[in-house]
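Me: I should like to take a close look at a single part of this protein. Please explain it in connected prose, as you would for a first-year student.

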Amino acid sequence: MPNKADVKAWKAQLVAQAEQQILKLTDSDQFKKYLNTLAKFHRYSARNIDLIYAQNPQATQVAGFKQWQKAFNRTVNRGAKAIRIAAPIIKKLTPAEQKHLDTTDERAIVGYRYLPVFDVSQTSGEPVLSAKDFVKENLADHQNVTSLYNAFKDYLNQQTDLKVSEVPLETLNGAKGYFQPSTNEIVIGGDELDNALKLKTLYHEYAHSQLHGLKSAFKDRPRAYQETQAEAVAYVAMQNIGVDTSNYSLGYVATWAKDKALIHSALSEIQQVSNKVIELSDGLTKQLGLQEAQKEPEHDLKKLSAQELNKSYQGLQQQVQQAINPQQKAQLKNKLNDIHHEISNRTQKQLQAFAEQHPEIKQPDSEPDQSLKR
């Protein structure tokens with residue numbers, strides 16, 4: 001059993017390894033891999049993105065051992081090496097502790113424990129689908145990319161203090177767009193024929209507005225530093241919706257000093273704005289109907305195999321969670337209930353058949369406690 005000193009040393013080594021991986025990001029290919037990780041795990045803290053990237057740069061979806069079994073009907077492969085992520089230890093504060101910490105909060109983070117998780121590639125079982133599976137296919141369509149661009153532009157014009165306008169490309173001296181801090185205005189080359197590049201340009205300039213505007217704490221960053229950050233945010237945003245922009249130039253991190261604190265600060269800033277852009281884009285793609293799964297053909301549930309039933313059940317669960325229209329959500333829930341009843345009926349029949357085949361197994365004398373509700 002490891003003692004406290006061993007555990008502390010192991011945790012320190014885990015973080016140190018992550019930091020060493022981050023310091024290697026001065027190579028653009030490594031930076032692209034890191035941004036891919038950021039796009040996949042944008043809801044994680046910067047600390048955990050660093051940890052996941054350092055231990056498995058190819059990871060795409062992580063969950064705990066039991067969560068894979070219960071939520072996804074998958075099992076972790078024998079011999080799989082866990083990825084460790086940090087989970088906060090939250091403690092309820094006594095009045096004395098609140099006074100000592102000069103806070104009115106009832107709870108506070110007093111430390112971290114490192115929990116084991118596994119990537120989907122380390123598991124086997126039912127397919128794992130996400131909204132991106134449907135978004136990627138939908139956004140392969142030229143018109144849908146244009147729709148997302150227009151929706152994002154309209155959102156910025158109507159819901160923020162930014163102004164987005166379009167001008168002919170020939171007036172931009174070779175640029176695709178720019179952000180003007182003095183007027184808080186984004187200008188885009190409106191006649192750009194490549195719709196993915198046009199959307200990426202809007203993401204790029206929006207990142208500038210958030211990171212390098214007049215009121216931003218980061219407005220005095222060097223020009224090369226600013227361009228790298230904005231390009232990184234745009235790359236992450238496009239990766240999130242499943243549109244490949246690898247053929248476009250990605251800014252180099254080589255312009256950054258090889259200083260650990262500076263690089264961590266830069267990546268943290270990228271993550272903050274990337275998270276914001278991803279959440280906005282996810283909301284807009286839902287409104288546009290680009291995250292709705294393609295309709296499955298109508299099936300007689302009784303003719304479906306157990307595996308097909310389970311797959312349909314899991315797919316509908318995700319659609320229910322993503323649905324924002326109350327009527328649509330109600331319809332999906334009805335379909336979900338139908339499948340649940342079919343699975344339940346099959347299970348009851350199987351249990352009854354088993355009992356008939358094995359009369360030697362004694363059945364319980366009384367009814368189960370009806371107070372236990374599903």
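How many of the residues of strand 8 are buried? Please also describe what surrounds this strand.

Reply: In this predicted model, strand 8 is mostly covered, and 5 of its 5 residues are buried. The side chains leave the strand in two directions: Glu185, Val187 and Gly189 point one way, Ile186 and Ile188 point the other way, and all are buried.

To see what lies around the strand, one may begin with its sheet. Strand 8 belongs to an open sheet of 3 strands in the order 6-8-7, and the pairing in this sheet is mixed. Strand 6 (163-167) and strand 7 stand at the edges, each with a single partner strand, so one side of each has no neighbour in the sheet. On average, neighbouring strands of this sheet are turned by 20 degrees against each other, direction ignored. As a general principle, the strands of a sheet pair through backbone hydrogen bonds, and the pairing may be parallel or antiparallel.

The parallel pairing is found on the side of strand 6. Strand 6 and strand 8 run parallel and are joined by 5 bridges. Two positions illustrate this pairing. Val167 has Gly189 of strand 8 as its bridge partner, and Glu166 stands opposite Ile188 in strand 8.

Glu166 deserves a closer look. This residue lies in strand 6. Its relative accessible area is 37%, and it is therefore classed as partly exposed, since the buried class requires a value under 20% and the exposed class a value over 50%. Leaving aside residues up to four places away in sequence, Glu166 touches Tyr149, Lys153, Ile188, Gly190 and Lys198. Ile188, the residue opposite Glu166 in strand 8, is thus found again among these contacts. Glu166 can also be placed relative to Gly177: the two residues are 11 residues apart in sequence and 8.6 Å apart in space, C-alpha to C-alpha.

The antiparallel pairing is found on the side of strand 7 (residues 177-180). Strand 7 and strand 8 pair in the antiparallel sense over 4 bridges, with Gln180 opposite Glu185 in strand 8. These two strands form a hairpin with 4 residues between them, and in the turn Asn184 has a positive phi of about 55 degrees.

The side chains of strand 7 may be set beside those of strand 8. Along strand 7 they alternate: Gly177 and Phe179 point to one face and are buried, while Tyr178 and Gln180 point to the other face and are not buried. In strand 8, by contrast, the residues pointing in either direction are all buried.

A helix also belongs to these surroundings. Helix 8 lies across strand 6, strand 7 and strand 8, and runs at about 160 degrees to strand 8.

The next step is to relate the strand to the nonpolar interior. The largest nonpolar core has 52 residues, of which Leu35 and Tyr203 touch the most other members. Strand 8 (185-189) is one of the elements that give two or more residues to this core, and helix 8 (195-212) is another; helix 2 (28-40), helix 3 (46-55) and strand 3 (83-92) are also among them. In soluble globular proteins, nonpolar side chains tend to be buried together.

Among the other contributors, helix 2 and helix 3 may be considered as a pair. Their axes come within 10 Å and cross at roughly 125 degrees, and the two helices are therefore oblique to each other. The contact is made by Gln30, Lys33, Tyr34, Thr37 and Leu38 of helix 2 and by Ile49, Asp50, Ile52 and Tyr53 of helix 3.

Helix 3 in turn leads to another sheet. It lies across strand 1, strand 3 and strand 4, running at about 155 degrees to strand 3. These strands form an open sheet of 3 strands in the order 1-4-3, with antiparallel pairing, whereas the sheet that holds strand 8 has mixed pairing. Strand 3 and strand 4 (residues 107-119) pair over 10 bridges, and Arg84 has Pro116 in strand 4 as its bridge partner.

Finally, the strand may be placed in the whole protein, which has 12 helices and 8 strands. Buried residues make up 39% of its 374 residues, and in strand 8 the buried residues are 5 of 5.

Technical notes: Residues are numbered from 1 along each chain as its sequence is written. This is a predicted model: local features need pLDDT of at least 70, side-chain atom pairs count only at pLDDT 80 or more; totals for chains, interfaces and linings use all residues. Side-chain values use heavy atoms; hydrogens and water are left out. A nonpolar core is a set of buried Ala, Val, Leu, Ile, Met, Phe, Trp, Tyr and Cys residues joined through side-chain atoms within 4.5 Å. Buried means under 20% relative accessible area, exposed over 50%, partly exposed in between (1.4 Å probe, protein chains only). Two strands pair if DSSP finds at least two bridges between them. Contact means heavy atoms within 4.5 Å. Axes are lines fitted to C-alpha atoms, for helices over the stretch in contact, and angles run from 0 to 180 degrees between N-to-C directions. Angles under 35 degrees count as roughly parallel, over 145 as roughly antiparallel, 65 to 115 as roughly perpendicular and the rest as oblique.
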